[in-house]
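Student: Before we discuss this model, please show me the sequence and the structure. I would like to ask how each label is justified.

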Amino acid sequence: MSTATETPGMKPVPGVVPGVDPVEVAAERRYRPNPAEVQRLAPNRDERLFLVLSIFIGVISGLMVVCFRVAINWIQVLTLGSSPHPGQFRLFFVPMGVGLLVAVLVQLVFPGARGSGINQTKAALYIYNGYISFRTVLGKFITSALAIGGGFSLGPEDPSLQIGAGVASMVSRRLNLSRERLRMFAPIGAAAGLAAAFNAPISAILFVVEEVIGRWSAAVLGSIVLSAISSVVVARWFWGAEPMFRIPVVTLRGPQELLAYTVLGVAGGVASLLFSKALGYSRPRLRNLPRWTFYVQSPVAGLIVGAIAFFGFPQVMGPGYNVIDQAMHGQFTWKFLLALALLKIVATTISFSSGTPGGMFAPTLFIGAMLGASIGTFEKIFFPAFPISVGSYALVGMGVLFAAFLRVPLTSVFMVLEVSGNYSIVLPVILANTIAYLVSRSLQPYPIFETFTHQDGLDLPSMEEQREESVLHLEDALRPVNLPVFPGSATLEEVTAQLGADAPMLLVKLRDGSWYSMNRGELTSLTEAQPPDTLLERAIQPDRMPLLFPDLPLDSAIPYLSRWPVLPIQNRASKGILEGVVTLEDVLGRYQQK
Amino acid sequence: MSFFALKTPLSAADRIGRRRLIFADTLSLVTLFAITALLAVLTNYLYQSYASHQMALAARWLQRGEQALRDNKPQAAVDALSSALAYAPGDRDTAIKLAEALASAGRIQEATVYFNALLESQQGSGVINLQLARLAARQGNESQAIEDFQRAIYGNWEGDGYVRRREVRFELINYLIANHRLDQARSELLVASGNAPTDDITVQLEIARNMEQAQDPSDAFHVYRTILHHHPSLREALDGAGRTAFQLGRYLEAKHYLARALDLPATEADADESAVAALRQSRDQLNQASQILALYPSSRLKPAERDARILSARTLAMARLTACVNTKAAAPATPTAAPAPKVSSNPLQSLASRFSRQPSKPQGNQAAAPPPIDPLQGLVDRWQKLPPKVSSAELAKNPELAETQIQLIYDTELITQQVCGAPTGDDALLLKIAQAPNQVEEE
């Protein structure tokens, strides 16, 4: 198998994404039966299978993610012991040993397992028609479980997302679905994997829409929802319906508290900048080191993380959900919380940049929770006039880092609401997240996943840009009806006589309220072929113009402009009433203006 | 267009191909279902194994934490219980124990935060409010502690709520007594007394003891007597009743109860140090009560004996007054004070001469203020109005004189105690009688 993408010591090949083996893709394509033949024999087959498979994908992804989390916890207990505490020598050496094992596996057996899994899933969607190999899924499962369980400061959510996408890819391939459908299954599986890992289906769906697909698509949204809910049902069957954290009573106790949340928003923006810069600086440098260092980077990262744990901060190891829970219940001092936030940035930067498989969701939540709880505790001590609940600050802090670091503002808001189950906190969440997001955007032009994409030499679509891209509509290219309009009851002779010499086109309004447009050439040929007293509505071609309205996308007009010289745009409320017309020049001119 | 026209016309080969496709899809879906089922079974097995291991770990760490708490190793208990909680995050008892361990380890702030967090999820929990009350008490936050104790009393308790509420109330009472909030303590004791079952001797004894500590001997005596009504030979109750009767000045009853208590056969429990001290105190009080009753001019006595006691007490009181006047005169006074005159053979005359001197005139332009009334002077005046010598016969003839004598004796003891300090010997006993003469023989 070729491993050009991740060959140690070599710069990544532009256009080839880590985690996807082109040879495997090609092999897979060779054995696919002819989808056109399938489509001819059973035209609705794909559509019917799509929803059924979405549920299967959700269930299987949910089961896989449960196994994944169980594996992480088992490994954690077996390697770090059931109660890691500072001063235990195993904290020092276990991450190093696990790092060595993971490095060997990643370099020799599972080269596609490197990275978090988000960009790999996006690449599968945009480059490889939704293809993710079984080997990559297996490798991601094993190496991520080892790394996270062994104490690396990484999280299980992003790998779960890729595992889910991989499950979707495998299932859909076996059923010989069309290429379009195959491509759609990657985000469906991704949503299922993330939903199961997060125990929060809405956030998972929104994340996939915001970060993987980039746009709302009705065609795929239903399946994403189905698979996400299926996977969460499975996960809750095992873990229970309780949220990941014990959420304290969270309320906004007064308008003056918004000021404190503003501070949290600014601090979150700055912290995310620090985190992004650290990752953006260290990751490419470590990847450009000689090949042999790829075997050493993970062990050294493990040693550093282990040292942090050994010398007093074992909380930075692993995903740290229990620490988030404790911080949310105000069990740490503000200095300790701040130290944990900073050390987590260091530990995660080192863990991730070393190429150790694992995600960044959990560390992001961890840093946000620590920062929020730290600010909350500080304000509670030094500004007793503020009626502060530390738990709410930790909760909002998680959303703040999510919005600022991952740059998914909508998901960040819903994530907090879904995790807390409390809508009374929506105002501070929106305020703090928006501030953090704006601070991060103004200081860091590219979101972190886009930075990684550039570092990998890929050119995946920027979801942030896509989200903010203004979609043009027909109304944007509309122009007034400055053409001669004739009723369908007019004769060819009357039309020819009344049509000005300089009018290149005309519109015909038919009895049933529909419209017909023609250019002067068509009128001339009609006049030559028909008697002069022939009514216009009898003389024209039998085909009719499409019904187009001002709110439709601008590109919806393009297919018809090869047949019709001008398209009438009608009012939705009053059939037959024109809002204006568009021509091919109008449409192209509007796109060029943009 | 007809319904049949909608169907795609398929050739025979196409139909076979379509059937194959349907079969292949069905087979794929069945296989997928089988894989899902297999994966579900495998996941379930893994999860059950993991969950049981988690439970075992939680139980193991909980056990270690409890052992560490028993061994008075709070820091080790905190570590162990934190681990237990990590494996059983929803376990309320473990969370409470961890908070207790934090408090024991001196991490009061963390423990408080922890308990407050627990309270948020379990509003009105008696256990948590009790722990918060204890923490507030340790932090010296009296008002918060009392508030939390009250919340604990009226909070939710599982199972033995009645008993736990009573225990918390006793804890609150002890806290109030320790912080000298005796009025509040007495109020709580009255509530506790009203709620306590009369047949529960342990509770009744504790209420009575607490009432004594809250300086409410009257109610305490009442409770002890109630106990004795059901258990006449209970040593603690007899001791308590004797002790409180003694405090109330009911020396006849004190003697009665203390004598009964001391007559009871000794038990093994009497050997310890506190019991010995209590026994000694009971004996002392019994002796004092006997002596007081021997001095007390009871109306129940034969007249001759009563008069003899009055005369004896009169002598004591006069001597006490003389000593007090001399002590006061000998004490350094204002520079203008005249030297003390010689004491004449008649003590009352001598005393009169001491108090007959005119007060010094005010100097300069000082306003002439009325001289302060000296309580001793008043006493001397009252003594002077009585005959200098009184015999038993005179007292027998004149009961009014006897009563006046008795009253003056008591007043003398009371006033000299105020002016010259606590007396000793028989004067001290007379003083005790004087403080509540009508209660001495009350039953």
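Confidence and contacts in a two-chain model

Tutor: Among the elements of chain B, helix 15 (residues 347-355) of chain B has the lowest mean pLDDT, 55, and helix 9 (residues 201-213) of chain B the highest, 91. Here pLDDT is the predictor's confidence in each residue, from 0 to 100, and helices are DSSP runs of H or I with at least four residues, strands runs of E with at least two, numbered from the N terminus. This is a predicted model, in which local features need pLDDT of at least 70, side-chain atom pairs count only at pLDDT 80 or more, and totals for chains, interfaces and linings use all residues. Residues are numbered from 1 along each chain as its sequence is written, chains are lettered from A and ligands numbered from 1 in the order in which they are written, and side-chain values use heavy atoms, with hydrogens and water left out.

Student: What are the average pLDDT values of chain B and chain A?

Tutor: Chain B averages 82, with 87% of the residues at 70 or above. Chain A averages 84, and 89% of its residues score at least 70.

Student: Where does pLDDT stay under 50 in chain B?

Tutor: One such stretch is residues 1-5 of chain B, with one contact (heavy atoms within 4.5 Å) beyond four places in sequence. Another is residues 356-367 of chain B, with four contacts beyond near neighbours in sequence. Where pLDDT is low, the predicted coordinates should not be read in detail.

Student: What makes B:Cys324 and B:Cys420 a disulfide?

Tutor: A disulfide is a pair of cysteine sulfur atoms within 2.5 Å. The S to S distance of B:Cys324 and B:Cys420 is 1.7 Å, so the pair meets the cut-off of 2.5 Å. B:Cys324 lies in helix 14 (residues 303-330) of chain B and B:Cys420 in helix 18 (residues 399-420) of chain B, 96 residues apart. The search over all chains finds one disulfide.

Student: Why is the disulfide of B:Cys324 and B:Cys420 called right-handed?

Tutor: The torsion about its S-S bond is about 80 degrees, so the disulfide is right-handed.

Student: How do you know that A:Glu537 and A:Arg511 form a salt bridge?

Tutor: The definition asks for a side-chain nitrogen of Lys or Arg within 4 Å of a carboxyl oxygen of Asp or Glu. For A:Glu537 and A:Arg511 the closest N and O atoms are 2.6 Å apart, so the pair satisfies the limit of 4 Å. A:Glu537 is in helix 24 (residues 536-539) of chain A and A:Arg511 in the loop between strand 2 (505-509) and strand 3 (515-519) of chain A, so the salt bridge ties together parts 26 residues apart in sequence. The structure holds 19 salt bridges over all chains.

Student: How many salt bridges are there between chain B and chain A?

Tutor: The count there is zero.

Student: What makes up the contact between chain B and chain A?

Tutor: Chain B brings 32 residues and chain A 36 residues. Together the chains bury about 3200 Å², 69% of it on carbon and sulfur atoms; buried area is the accessible area (1.4 Å probe) that two parts lose on being put together, summed over both. B:Leu32, B:Tyr47 and B:Tyr50 supply 17% of the area that chain B buries against chain A, more than any other three residues.
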